Amino acid sequence: MSDLSAFREEARTWVEANAPEFLRGRAADPNAWAAGGRRAPFIYPESRDWLLAAADRGFSVPTWPEEYGGAGLSRDEALVLHEEIARLALPMPLTGFGYSMIGPTLLDHGTEAQRAEHLPRIARGEIRWCQGYSEPNAGSDLASLATSAVRDGDFYVINGQKIWTSGADQADWIFMLVRTNPDVKKQRGITFILVDMESPGVEVRPIRLISGASPFCETFFHNVRAPVHQVIGEVNSGWTVAKALLGHERTSIGGMGRGGARASLPDLARDYVGVDETGRIDDPAIRERVTQCEMDAMSYGLTIKRHGDGLEAGHKPGPESSMFKYYGTELNMRREELMLSIRGPQALGWEGEGFEPAELHQTRTWLRSRANSIEGGTSEIQLNIIAKRVLGLPD
Amino acid sequence: MASLVLTAPQEMLARTAAELVSKHGGVDRQRRLRDEGAELGYSPEVWAEMADLGWLGIPLAEKDGGLGMGLAETVLITEAMGRGLAPEPFVSAVVFAGGLLADAGSAEQRAEWLPPLVDGEKRLAPALLEAGSRYGLDRVETRARPNGGGWSLSGEKVQVVGGVGADGFLIAARTEGDDDDLTLFLVPAEADGVEVVAQKRVDSRNSAIVRLRDVHVTAGAVLGEAGGGLEPLGRAVDRATVAVCGEMLGLMTEAFERTVEYLKSRSQFGVLIGTFQALKHRAAKMFIEIELSRSTVMAAARALDEGSDDAELQVSNAKARCSDTLILVTNEALQMHGGIGMTDEHDIGLFMKRARALEFAFGDAAFHRQRFARLRGF
C-alpha cells in the first residue's frame, strides 16, 4: 500500500509538471484525444505535446515493458496514473487500436522482431492502426471471411474487401484476418497479418451512419503484397490470435458502461426534469430509471474490479470478456436512451439553432450507441459464447 | 476498497461451511424438517456443531468471546447455508441479535448473554416486524410505558425469525409519541405476559408471533439509550442484510447450477433442450446477473467491515441486485424445469419458496432502490 501512495505522489507530480494547461478540464472533448499516426492531424497541438511528454516517460503505454516504450507499471500503478490524469480531467495521452488492441496482441503473440519493430512506434504515437476483421458476408459469422492471401515467394498477395474498418482513412497500418487455406474447416484456414496501408492496391471509402459522419470505412484490397514476416503467429492459426485480440476489443468497448467522464445522470435529470420540494427528481418514473442505471453501473464497476483483483491474484483470464462486452454495451445503450428521455424534445436536434451543443452531441451519441451491441461481436454472439464456454451448454 | 478476491483462509472457511451443510443432508434435511412439521424448524445438532466451530461468535470481537471476523467471512457461511437451504437461524440469532448486543449492550448485558450465545446454550431472536410495519424500522406500534423504575411493554410482533424456542427477544418499542423515540429492550422469553405462537410461512422456517401483554422489565433491560434505539437497530439491520445477501447468493448459484445441469440432461424433440438458443441466452443472462450479484455482496461486506463512507449505499445496492437476481433465477429455474419443477417432489420449489422470504427480508429491491436514491440525494 505504501508503495502505491509513493507512486501516486510521483504520478501526481509528473502530471502536474507535464500536462499542458490547455488540456486540463478537456477530458470530455473528443478533439483532445490523440491516436497518433503519420497522417492524423492533432486537432490541438497541445495533444501532441502531451503525448510526447508521456511517451518520454513510458506513460503513453504505462503497463508495457520499458524496452518497448512503456513504463513497466503494474495494473494498480497504471490505475493510479489514470486516476491522477482523470483528476485534472485530462484526456489520456494516447488512445486508439495500437494502444488497446494490436499492442497487447503483439506482446502476447508477436516475435521479438515484430515487437521491436512496432511497439515503440505505437508508444510514441508514430503509427496509427486500424482493424480488418469484418467483411460484407462475415459479420457475426466472422470465421467465414473470404479475403484471400496467396503465397508468392516472400510475399502474400491479398484480394478482397473489409468493412467497418474504423479509422481506416487515417490509419497507417492495418491488422487483418485473411484466408490462407480455403479447403479446411473455416477456422483452420485463417491467418493474422499486418499490412502497410500505403501498399499499392489498398483503397478506402468512408461510411456514413445514421448518426452522420463516422470513423467507419470499407477497405478494398487489389493484389496487395505483404511480406511473409508480417504474419503474426503461425500461418493458418490466425483464429487463435484473433480471438485473443477480440478479448481486448470487448474489454475496451465494454468499458464504456462505467460512465467515466460522462455527464452525471442525476444532475442531468435535475436540470431537465426538475426537482420537488424535497430535492428529488420530480418524475418518479425517471427517478426510478436513473436509480437503476446508477446501481447497474456501480455493480458493473465492482465486477470489473473483482475480475481485475482476480487477475492480480493470479487467476487465469477466462471468457469473462464476453460478459463485460455484453453488459457494458447494454448498459451504455440504456444510459443513452435514458439521457434522451431526460432531455425530451430537446434531444431531437440534428444541427443549427434552437439546441445547445450538448443536446446536438446527445442526438449523435445516442444514434451511435445503437452500434455498441453490434460491433465487436453482437450481444447475441456474446451470449452464445458464455453459454458454450462458461456454462458448457451443448451445440 | 479491499481486494474482491477470497484469501486462502476465507477459501478454507467457505469449504468447511459447504462440507458442514452437505454432511447433514443438504436440501434433503430442509425437506425432512418441513415434512416432520418440526416447530423448531432446524437441527439442534447442526446448531451445536456450528457453535463448536466458533461460528456463533463469528461477528463478535475476541473480547466478547467471538472470532473477531467480519462480514467478509460471515457471508461465506451464509452462502453455504443458502446453497443447501440450511435452516439454522444464524443470521437472526448470531449476525443480528449477537451483533446488536455487542454493539449497543451494556457490559452487564454482554457478560450475561454473549458467552451462552456463542456456546449455543442460549439463543436470542430479534422481534422487528409488526403486521403493519412492512420495511419501516420506525413503523412500530408496540408501546413501552414507564412503570416503577422499569418499563411495561405491550404489543404484537410477527414473523419473528427463530422465535420458537428462543430464550429472549430483542424488542423495539415506542417510548414516546415521537417517531425517533424508539427504544430497544432485551426481554427474556419466560417473562410474565410473553406469549410465543408458532407461525407457518411458505419457507417452513422457524417463525413466531410474539405477544406482549403488560410485560414488566427492569431498567436494565433497555439496550443502549432509552429513545435511542433506531441507530443501533439500523446498523444491525445493515449487517444482517449483507448476511442475507450471502444466503441469496448461495441459493441463486445452486438453483442456477441445477438448472444448467437439467438443460444438459433433458431431451425433447430428440435433442438436449440446452441446445435451444432461446434457453441458452436466458441462461447466459442469468450467469451475468449472478456474477454482478457476487461482486456487490463482496463489496458491501468489505465496505461495512472497513467502515467506508459509502457502506450504506453498497448494502442497498447489494440487496436490490440480489433480490432481483434471485427472483429472476428461481422463476427461470422453475420454468426451465417444466412440469416436473411444479411437483412438490422436486427441490426447485423449495428454492423458490425460500427465495421469496429472502427477497422480503430487510427490504425488497424497490425499497433498496429508493434508499439508494435517497442516500445519493436525488
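The following dialogue examines how several descriptions of this predicted model are justified.

Trainee: What makes chain B as compact as a globular protein of its length?

Mentor: The radius of gyration of chain B is 21 Å, and the globule rule gives 21 Å for 378 residues, so chain B is as compact as a globular protein of that length. Chain B holds eleven helices and ten strands, and its C-alpha trace spans about 80 × 45 × 40 Å along the principal axes.

Trainee: Why is α7(B) called roughly parallel to α9(B)?

Mentor: Helix α7 (residues 230-265) of chain B packs against helix α9 (residues 311-337) of chain B at an angle of about 25°. Angles under 35 degrees count as roughly parallel, and therefore α7(B) is roughly parallel to α9(B). The axes of these two helices are 9 Å apart, and their crossing is left-handed. By class, the contact of α7(B) with α9(B) has 17 nonpolar, five polar and four charged residues.

Trainee: Why, then, is α9(B) called roughly antiparallel to α10(B)?

Mentor: Here the packing angle between α9(B) and helix α10 (residues 348-360) of chain B is about 160°, with the axes 10 Å apart. Angles over 145 degrees count as roughly antiparallel, so α9(B) is roughly antiparallel to α10(B). The crossing of α9(B) and α10(B) is left-handed. Residues in the contact include B:Leu326 and B:Ile327 of α9(B), and B:Phe351 and B:Met352 of α10(B). By class, this contact of α9(B) with α10(B) has nine nonpolar, three polar and one charged residues.

Trainee: How do you know that β3 and β7 of chain A pair, and in which sense do they run?

Mentor: At least two bridges are required for two strands to pair. Strand β3 (residues 155-163) of chain A and strand β7 (residues 217-227) of chain A are joined by eight bridges, in the antiparallel sense. A:Phe155 stands opposite A:Pro227 in β7(A).

Trainee: How many bridges join β6 of chain A to β7(A)?

Mentor: Strand β6 (residues 202-206) of chain A has five bridges to β7(A), and the two run antiparallel. A:Val204 has A:Thr219 in β7(A) as its bridge partner.

Trainee: Which element gives the most to the side of chain B that touches chain A?

Mentor: The contact involves 31 residues of chain B and 35 residues of chain A. Elements giving two or more residues to the chain B side are α7, α8 (277-306), α9 and α11 (365-376) of chain B. Among them, α8(B) gives the most, with 13 residues. The chain B side divides into 16 nonpolar, eight polar and seven charged residues.

Key
Residues are numbered from 1 along each chain as its sequence is written. Chains are lettered from A and ligands numbered from 1 in the order in which they are written. This is a predicted model: local features need pLDDT of at least 70, side-chain atom pairs count only at pLDDT 80 or more; totals for chains, interfaces and linings use all residues. Axes are lines fitted to C-alpha atoms, for helices over the stretch in contact, and angles run from 0 to 180 degrees between N-to-C directions. Helices (H or I, at least four residues) and strands (E, at least two) are DSSP runs, numbered from the N terminus. Angles under 35 degrees count as roughly parallel, over 145 as roughly antiparallel, 65 to 115 as roughly perpendicular and the rest as oblique. A crossing is left-handed if the near helix is turned anticlockwise from the far one by less than a right angle, and right-handed if clockwise. Ala, Val, Leu, Ile, Met, Phe, Trp, Tyr, Cys and Pro count as nonpolar, Asp, Glu, Lys and Arg as charged, and the others, Gly among them, as polar. Two residues are in contact if their C-beta atoms, placed from the backbone, lie within 7 Å. The radius of gyration is taken over C-alpha atoms; the globule rule is 2.2 Å times the number of residues to the power 0.38.
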